[in-house]
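Student: Got a minute to go through a model with me? I'd like to test how I read it.

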Amino acid sequence: MSIISFQEIIDSVEKLSLDDQDYLFELIKKRRIEKRRLEIAANAKATLESLKKGTAKKGSVDDLIADLWDDKDDENSLG
């Protein structure tokens with residue numbers, strides 16, 4: 001398998017007609033959107049499973065902020 005450099009990709013795209021470049025950009029945009037949708041769906045499914053199992057954390061926004069600060073403090077103490 002050969003690896004193409006980023007610059008080689010740019011050069012190849014620039015050789016395309018403007019219509020083909022537009023089509024390529026739209027295709028990439030649509031694929032990125034679909035990939036993100038699949039990630040969101042997977043996260044939602046995992047969250048629902050956690051809720052069913054009772055392992056999901058619940059609380060207020062203040063609880064979330066406190067939990068995030070606790071995680072940050074834990075990371076700092078590892079150093």
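A few questions and answers about this chain follow.

Tutor: Sure, two notes before we start. This is a predicted model, where local features need pLDDT of at least 70, side-chain atom pairs count only at pLDDT 80 or more, and totals for chains, interfaces and linings use all residues. Residues are numbered from 1 along each chain as its sequence is written, and side-chain values use heavy atoms, with hydrogens and water left out.

Student: What pattern does the chain follow along the sequence?

Tutor: Helices (H or I, at least four residues) and strands (E, at least two) are DSSP runs, numbered from the N terminus. The chain has 3 helices and 0 strands. Read in order, that gives α-α-α.

Student: Is Q21 buried or exposed?

Tutor: Q21 sits in helix α2. Buried means under 20% relative accessible area, exposed over 50%, partly exposed in between (1.4 Å probe, protein chains only). Q21 has 14%, so this residue is buried.

Student: Which residue's backbone oxygen lies 3.1 Å from a polar atom of the Q21 side chain?

Tutor: Leaving out residues up to four places away in sequence, Q21 touches V13, E14 and L16; contact means heavy atoms within 4.5 Å. The backbone oxygen at 3.1 Å belongs to L16.

Student: And how does I65 count by relative accessibility?

Tutor: I65 is found in helix α3, residues 61–78. Its relative accessibility is 40%, so I65 counts as partly exposed.

Conventions:
A polar contact is a pair of N or O atoms within 3.5 Å; within protein, one must be able to donate a hydrogen and the other to accept it, and residues adjacent in sequence count only if both atoms are side-chain atoms.
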